[in-house]
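Please open the model in your viewer and keep the sequence panel beside it. The tour below moves from one selection to the next and describes what is found at each stop.

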Amino acid sequence: MSSAPMPTLMLVPTGIGCDIGGYAGDALPSARLLAAASGCLITHPNVMNGASLYWSDPRVHYVEGYGLDRFAVGEWALRPVRRQRIGLLLDAGIEPELAQRQIQVAEGCRASLGLDIGPVISTDAPLDVTLERGASGASWGRVGSPDALLRAGERLKQAGATAIAVVARFPEDPESEELAAYRQGSGVDALAGAEAVISHLLVKHLEIPCAHAPALDPLPLDPQLDPRAAGEELGYTFLACVLVGLSRAPDLVAAGRHRPGDLSVEQLGAVVVPDGALGGEAVLACVERNLPVVSVANPSVLSVTADALGLSQSVFHVSSYSEAAGLLLALREGLSPASLGRPLPALQRLD
């Protein structure tokens with residue numbers, strides 16, 4: 001008889017160049033494995049989005065990063081739904097032909113996947129996104145017209161949208177060294193940090209599921225392309241995976257209003273996170289709750305480790321997501337992880 005699901009957070013922060021999860025949906029196999037091991041995985045778009053590629057799994061809950069933080073600190077609960085009605089928000093700065101490509105993807109998802117999409121709205125001013133790079137090498141960015149973004153989001157919500165897919169025009173330089181490094185598997189996604197700014201802002205303001213896809217011109221063929229970046233080269237847009245993820249994203253519910261069947265932080269059994277990225281709000285909230293933290297060897301530009309935070313005694317260190325899955329299975333079955341290693345520590349005696 002299988003054990004009950006053990007809700008688990010899987011975090012791979014965006015824009016920090018993780019070996020796994022820093023590219024086009026390349027953390028999806030790891031997420032599928034952890035979902036099978038835990039029976040219930042809560043993760044964010046950076047893990048699940050693969051541009052034209054995606055994987056729908058009823059055991060995986062697609063929660064934007066700001067909403068995931070609010071869940072982890074106990075302010076919001078997650079309410080599973082059969083479907084969301086996804087409003088499509090387009091940046092007025094997108095050229096007409098490129099905007100039409102986004103709409104065609106949405107139409108294709110309606111016709112082929114049966115998704116509930118609409119209405120569509122363009123912002124009343126270009127969003128004017130700019131890209132930045134922090135001292136650590138992590139990417140971030142700015143939105144020049146945040147009010148235009150929020151006004152469009154409000155109109156979609158008032159028109160009946162229960163989730164929002166937003167597409168913003170991003171600056172691009174096809175000849176940049178950073179882009180070449182990313183496409184060859186050795187760089188940071190320059191767009192990811194700004195994407196997080198956009199989705200965080202919408203979710204904080206509207207309190208409904210939101211996720212972002214950038215609008216970019218297709219890149220020239222690169223014969224040396226790293227397989228992890230290949231998902232972004234398959235079509236004209238990155239929107240399909242966002243629409244699929246949002247189609248069954250859970251509702252975000254204030255903690256005091258949750259009801260039976262909702263997921264709350266009290267049900268969490270563990271959090272899985274790259275070993276250099278332990279400083280996020282969700283991870284630290286889980287540490288405060290004495291939840292098992294599984295730190296996976298997954299290099300990035302950050303080095304916020306358990307040792308740096310003084311958390312070594314409360315963190316399980318593993319070398320891969322395969323090992324993390326085994327540890328989750330042990331926790332789900334009620335096994336002490338210490339019992340699986342050798343030598344087995346002696347019982348502690350109290351004087």
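Begin by selecting isoleucine 42, which stands opposite histidine 61 in β3. What you have open is a predicted model, and every value quoted along the way is to be read in that light. Extend the selection to the whole of β2 and β3, and you will find that the two strands run parallel and are joined by three bridges. They belong to an open sheet of six strands, which can be followed in the order β3-β2-β1-β12-β13-β14 and in which the pairing is parallel. At its edges are β3 (60-62) and β14 (315-318), each of which pairs on one side only, while the twist from one strand to the next averages 25 degrees.

Stay with this region and select alanine 51, in the loop between α2 (45-48) and β3. Although alanine 51 is not a glycine, its phi is positive, at about 60 degrees. Is alanine 51 buried or exposed? With a relative accessibility of 6%, alanine 51 counts as buried, because the cut-off for that class is under 20%.

Next, select helix α3, residues 65-72, and display its surroundings. Eight of its eight residues are buried, so the helix is largely enclosed by the rest of the structure. Tyr66, Leu68, Asp69, Arg70 and Phe71 are among these buried residues, and the buried residues of the helix pack against β1 (8-10), β2 (41-43), β4 (76-79), α7 (192-206) and α9 (281-288). At the N-terminal end, glutamate 64 acts as the cap, with a side-chain oxygen 2.7 Å from the backbone nitrogen of tyrosine 66. Beyond the helix comes glycine 74, which has a positive phi near 95 degrees.

Now add α7 to the selection and turn the view until both helix axes can be followed. The axes of α3 and α7 come within 7 Å and cross at roughly 55 degrees, and the two helices are therefore oblique to each other. Where they meet, Gly65, Tyr66 and Gly67 of α3 face His200, Val203 and Lys204 of α7; sorted by class, this contact has two nonpolar, three polar and one charged residues.

Keep α7 displayed and bring in the strands beneath your next stop, since α7 also lies across β9 and β10, running at about 145 degrees to β10. These two strands are part of an open sheet of four, in the order β6-β5-β9-β10, with parallel pairing. The edges are taken by β6 (116-122) and β10 (210-215), each with a single partner strand, so one side of each has no neighbour in the sheet. On average, neighbouring strands here are turned by 20 degrees against each other, direction ignored. Strand β9 (residues 163-169) is joined to β10 by six bridges, and isoleucine 164 stands opposite cysteine 210 in β10. Helix α4 (residues 96-113) lies across β5 (85-90), β6, β9 and β10, and runs at about 170 degrees to β5.

Within this sheet, select proline 119, which is found in strand β6; the peptide bond leading to it from glycine 118 is cis, with omega near 0 degrees. A further cis peptide bond joins arginine 342 and proline 343, with omega about 5 degrees, and proline 343 is found in the segment after α11 (321-332).

Return to β9 and select arginine 169, which lies in that strand and is buried, with a relative accessible area of 14%. Its side chain makes a polar contact of 2.8 Å with the side chain of glutamate 172, and a polar atom of the arginine 169 side chain lies 3.2 Å from the backbone oxygen of alanine 215. Apart from neighbours within four places in sequence, the contacts of arginine 169 include Asp91, Glu95, Leu98, Val129 and Asp217.

From Val129 it is a short step in the sequence panel to strand β7 (residues 129-133), which pairs with strand β8 (residues 139-143) in the antiparallel sense over five bridges. Arginine 133 has serine 139 of β8 as its bridge partner. The two strands form a hairpin with five residues between them, and glycine 137 in the turn has a positive phi of about 105 degrees.

Finish at asparagine 290, in the loop between α9 and β13 (293-296). Its phi is positive, near 60 degrees, in a residue other than glycine, and asparagine 290 is exposed, with a relative accessible area of 70%.

Methods
Residues are numbered from 1 along each chain as its sequence is written. This is a predicted model: local features need pLDDT of at least 70, side-chain atom pairs count only at pLDDT 80 or more; totals for chains, interfaces and linings use all residues. Side-chain values use heavy atoms; hydrogens and water are left out. Buried means under 20% relative accessible area, exposed over 50%, partly exposed in between (1.4 Å probe, protein chains only). Contact means heavy atoms within 4.5 Å. A polar contact is a pair of N or O atoms within 3.5 Å; within protein, one must be able to donate a hydrogen and the other to accept it, and residues adjacent in sequence count only if both atoms are side-chain atoms. Axes are lines fitted to C-alpha atoms, for helices over the stretch in contact, and angles run from 0 to 180 degrees between N-to-C directions. Angles under 35 degrees count as roughly parallel, over 145 as roughly antiparallel, 65 to 115 as roughly perpendicular and the rest as oblique. Ala, Val, Leu, Ile, Met, Phe, Trp, Tyr, Cys and Pro count as nonpolar, Asp, Glu, Lys and Arg as charged, and the others, Gly among them, as polar. Two strands pair if DSSP finds at least two bridges between them.
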